[in-house]
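Q: Pick one part of this model and take me through it closely, please. I'd like one connected walk, with the surroundings brought in as they come up.

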Amino acid sequence: MKGIELKNVSYQYPLSEAFALKNIHYTFEKGKFYGIIGPNSAGKTTLCNLVRGLIPHFYEGELSGDVLIEGKDVREWDGSLLSTKIGYIFQNPFTQISGVKDTVLEEIALGLENLGIDKEEMIERVINVVKLLKIEDLIKKNPNNLSGGQRQRVAFASIIAMDNDILVIDEPTSQLDPESTADIFEIINMLKSQGKTILLVEHKVDLIAEYSDEVLVMENGHIAYSGTPSDVFSNIELIDRGVAIPQAALLSHDLQRQNKPFDFITITNEQAKQQIMKRMSCVNGSY
Amino acid sequence: MDYEFIYSFKKPQLTGNWFLDLNPLTKLNIVIVIAIISILSLSWQVSASIIAFYFLLAALAGCLKRFSKMYIKLGLLIGSLLFIMRAMFIPGDHPLFTFWLFTITQEGIDKGIWFSTLVVSICGAIVLFSTITRAKDFMYALENLGAPHSTSYIILASFQSIIDLGDRAKLIMDSQKARGIETEGNLLQRIKAFIPVMGPLVLGAITSTEEKAIAMEARAFSAPEKNTHLSELRKVPLWEKLFVLLVNISLILFIIWRFI
């Protein structure tokens with residue numbers, strides 16, 4: 001089922017001569033988890049801004065092609081209505097705090113207040129999301145005094161509480177430790193299981209390989225590769241083009257070069273582990 | 001999880017202090033009346049009494065320390081500055097003494113005392129109100145009166161952005177210091193160190209404003225739904241309404257007594 005369709009979309013920021021996005025043609029289906037990777041300045045954040053409707057509603061500039069959100073052109077959508085449909089968490093945790101609330105609890109409830117949710121439901125939703133993000137110890141704190149990682153989790157909680165159908169998440173783990181990063185991916189996976197459409201920009205490719213349904217590799221404003229994680233990361237061209245790939249895929253490709261390939265190109269640590277165990281058991285058996 | 005804290009939002013969050021728990025608009029009404037009395041009295045003795053009265057009110061609200069810390073500093077600065085300016089420049093028939101180009105007169109001193117106590121008493125009304133009223137409660141009260149949601153957000157966010165700007169300036173100054181640039185010393189040195197900071201400070205503020213606007217949009221700030229509130233204000237009790245009425249009648253009686 002189609003959620004967001006991009007048809008030959010190109011975009012130039014105001015006063016910029018270069019195209020931030022070039023001839024993008026892609027369909028994001030409902031209920032799927034899309035991992036978006038690529039080097040800096042590849043157009044990942046611009047793609048997020050486009051899908052979220054900030055282009056053209058917030059950022060002007062030259063937009064060509066069609067961006068259809070639930071079948072309706074983004075230009076025809078009321079920008080304020082899009083915020084009730086698509087949740088957006090972006091990179092900088094320091095500007096995602098409203099600055100007008102005294103406690104984290106109230107900060108998380110801000111979006112719900114704007115959506116006109118009644119108080120009982122608001123409190124229930126906030127409790128659930130606080131438990132989910134494991135930020136129970138933060139609820140009484142002033143959001144303006146939190147660290148970057150804490151603010152990132154609060155911003156994430158604030159958007160999840162709004163229960164949008166589509167979530168656009170731009171590097172949510174940039175300030176988090178490995179344990180919190182794993183937690184965030186677990187939560188994103190859980191949101192996917194609830195039928196939400198997720199677009200995640202992330203540099204942690206091992207986790208993208210493990211969790212996403214589809215991977216998009218962006219390069220110079222266009223989608224260079226797309227497909228299932230297995231299809232994309234099995235492509236040896238990615239290494240030659242300097243695209244980061246999961247450790248398990250790197251190991252697989254290395255072994256293949258040395259004519260000692262696994263049964264298939266592994267992309268997750270678990271798959272690599274199983275292949276190694278299998279090989280070890282074969283070696284042990286031969287003795 | 002602190003459920004007691006969470007569920008405290010189900011009802012108005014009262015402090016137990018009758019003065020602090022007054023509706024923000026009641027408090028505003030009281031401080032405006034006091035400031036008007038100070039203005040209309042045309043007497044430094046009344047203004048000085050009002051200044052003392054603020055401390056009493058702050059003590060009643062349990063905020064004496066916080067209020068005093070802020071008000072004494074501000075009052076001394078503004079009061080002394082205004083007094084000196086008036087005393088030095090207002091001419092009169094009763095010179096007291098002369099130094100350099102200035103002749104200090106009894107009239108100048110009198111007007112200086114009156115004007116400085118008046119301004120300090122008006123400032124006191126503002127400081128007292130901001131000390132005893134949470135900004136969000138005031139904005140909520142204004143929204144209940146029909147003020148747009150965006151107005152209250154802009155006012156609250158402006159307060160926070162002043163703090164943010166200060167923090168950012170400190171951060172840039174620290175970075176400069178880490179690079180070996182002299183940021184401390186006499187006033188001239190400090191000014192010289194601060195001027196180059198202005199550029200990144202202003203540009204950073206503009207960028208963060210744009211991101212903040214996106215962040216607020218992500219929180220459905222302009223959603224068409226009528227917004228609700230997690231915090232709520234107590235319904236104004238009858239005794240509080242009568243109290244406001246009494247305060248306002250007192251003002252009217254004062255005006256009648258003073259001018260008719």
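A: A quick word on terms: helices (H or I, at least four residues) and strands (E, at least two) here are DSSP runs, numbered from the N terminus. Residues are numbered from 1 along each chain as its sequence is written, while chains are lettered from A and ligands numbered from 1 in the order in which they are written. Keep in mind that this is a predicted model, so local features need pLDDT of at least 70, side-chain atom pairs count only at pLDDT 80 or more, and totals for chains, interfaces and linings use all residues.

Let's look at α8(B). This helix covers residues 187-218 of chain B, 32 residues in all, and its first and last C-alpha atoms are 44 Å apart, close to the expected 46 Å (1.5 Å times one less than the number of residues). There is still a kink along the way: α8(B) bends by about 35° at Val197(B), with Pro200(B) following within four residues. The bend is the angle between axes fitted to the seven residues ending at a position and the seven starting there.

Further along, Lys212(B), Ala215(B), Met216(B), Glu217(B) and Ala218(B) are buried. Buried means 20 or more other C-beta atoms within 10 Å of the residue's own, exposed means 12 or fewer, and partly exposed is in between, with C-beta atoms placed from the backbone. The cover over those residues comes in part from chain A, including α3 (79-85), β6 (86-89) and α6 (148-161). Just after α8(B) sits Ala220(B), with a positive phi near 60°.

That leads to the interface. Counting residues in contact when their C-beta atoms, placed from the backbone, lie within 7 Å, chain B brings 34 residues and chain A brings 38. On the chain B side, α1 (3-7), α7 (149-178) and α8 each give at least two residues, and α8(B) has the largest share, with 8. By type, that side of chain B splits into 16 nonpolar, 8 polar and 10 charged residues; Ala, Val, Leu, Ile, Met, Phe, Trp, Tyr, Cys and Pro count as nonpolar, Asp, Glu, Lys and Arg as charged, and the others, Gly among them, as polar.

As for the chain that α8(B) belongs to, chain B has 9 helices and 2 strands, in the order α-α-α-α-β-β-α-α-α-α-α from the N terminus. Its radius of gyration is 24 Å, well over the 18 Å from the globule rule for 260 residues, so chain B is more spread out than a compact globule. That radius is taken over C-alpha atoms, and the rule is 2.2 Å times the number of residues to the power 0.38. The C-alpha trace of chain B spans about 70 × 65 × 35 Å along its principal axes, and buried residues make up 20% of the 260.

Across the interface, UniProt lists residues 4-245 of chain A as "domain: ABC transporter" in an unreviewed entry; its positions are given in the numbering used here, feature names are shortened, and annotations may be inferred rather than shown by experiment. That span is 38% helix and 24% strand, with its end C-alpha atoms 26 Å apart.

Definitions and conventions:
Contact = placed C-beta atoms within 7 Å.
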